[in-house]
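Let's take a quick tour of this chain, from its charges to its fold and then to one helix up close. Have the sequence and the model open as you read.

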Amino acid sequence: TKGWHANIMYFFGHTQPESFMDFFQCLTERASCRAFLPQEVSRNVLEKIITSANQSPSYMNSQPWEVLAVGGKTRERLVHKLLEKAANQAEPEPDLPFPVQWPETTGRRATDHRMRRWRALGIDSEDQSRIRDQFLANFRFYDAPWVLFVGVERTLTSWPIFDLGSFVHALLLSAHAEGLGACPQAAPLSYPDVIRTELGISDRLLLVLAIPLGYPDWEAPANSYRSSRKELSEYVRFFED
């Protein structure tokens with residue numbers, strides 16, 4: 001009743017609902033989680049988050065996203081097989097090619113992000129052993145109890161990737177609002193055929209991202225890191241005259 005009354009009052013110009021402030025707090029506080037507690041996430045909570053993200057806008061309401069939710073023993077088998085590939089340095093064959101060349105400013109931000117993360121973890125940039133361990137943690141999904149693979153139909157044009165990005169962002173915000181942590185990952189998609197074989201799916205689905213999901217371990221150094229954001233003046237131009 002309180003929420004209904006606040007919304008009515010807002011539309012009549014009297015006040016602003018608290019939920020608006022809650023949204024901005026959720027947006028600014030969300031961060032990628034790379035260390036999880038062993039605590040299980042219930043199926044009900046998982047479905048609530050995914051259903052909420054399904055409110056995302058899409059071109060012509062096409063809703064092109066598909067989700068593969070993997071947990072339990074299936075996740076354990078998949079981790080074992082992906083780790084084996086990664087540890088043996090098998091050649092990556094992602095469905096969506098990884099960037100190989102960045103514009104200067106974009107590349108500089110990516111490099112700065114990587115180096116700052118290593119410093120937060122106490123990893124020296126010359127310590128190849130620890131860097132390798134950190135890389136392989138990707139293929140364990142940072143020990144999250146669930147991982148969600150998201151993708152789109154392979155025959156679609158590149159436009160639905162934009163819609164998928166909208167869905168993923170909503171998913172990340174929904175998880176944070178529910179007290180969970182998540183992290184969009186590209187590395188595990190280095191070996192999409194391993195994922196397809198283990199889950200018994202065809203190559204009809206273009207696999208784009210993996211999203212580990214679980215309750216954050218706030219004591220872990222990995223979760224103390226916060227990535228930087230560029231200034232408004234670096235990416236917005238106003239035209240008013």
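## Charges

Take the 26 positive and the 30 negative charges of the chain, find the mean position of each set, and the two points lie 2 Å apart. Keep in mind throughout that this is a predicted model.

## Fold

What does the secondary structure come to? The chain has eight helices and four strands. Walk along the sequence and you get the pattern α-α-α-β-α-α-α-β-α-β-α-β.

Contacts between residues at least 6 apart in sequence mostly reach a good way along the chain: 82% of them join residues at least 24 apart.

## Size and surface

How does the radius of gyration fit a compact globule? For 241 residues, such a globule would come out near 18 Å, and the chain has 20 Å, so the two agree. Along the principal axes, the C-alpha atoms fill a box of roughly 65 × 40 × 40 Å.

As for what's tucked away, 38% of the 241 residues count as buried. On the outside, the chain exposes about 15,300 Å², with carbon and sulfur atoms supplying 54% of that area.

## A closer look at helix H6

Now zoom in on helix H6, which spans residues 128-136. Which of its residues are buried? Ile131, Gln134 and Leu136 are.

And what covers the buried residues of H6? The cover includes two other helices, H4 (72-87) and H5 (104-120).

Terms used: Residues are numbered from 1 along each chain as its sequence is written. This is a predicted model: local features need pLDDT of at least 70, side-chain atom pairs count only at pLDDT 80 or more; totals for chains, interfaces and linings use all residues. Side-chain values use heavy atoms; hydrogens and water are left out. The radius of gyration is taken over C-alpha atoms; the globule rule is 2.2 Å times the number of residues to the power 0.38. Buried means under 20% relative accessible area, exposed over 50%, partly exposed in between (1.4 Å probe, protein chains only). Contact means heavy atoms within 4.5 Å. Accessible areas come from the Shrake-Rupley method with a 1.4 Å probe; for residues, only the protein chains shown count as cover. Lys and Arg count as positive and Asp and Glu as negative; His and the chain ends are not counted. The place of a charge is taken as NZ of Lys, CZ of Arg, CG of Asp or CD of Glu.
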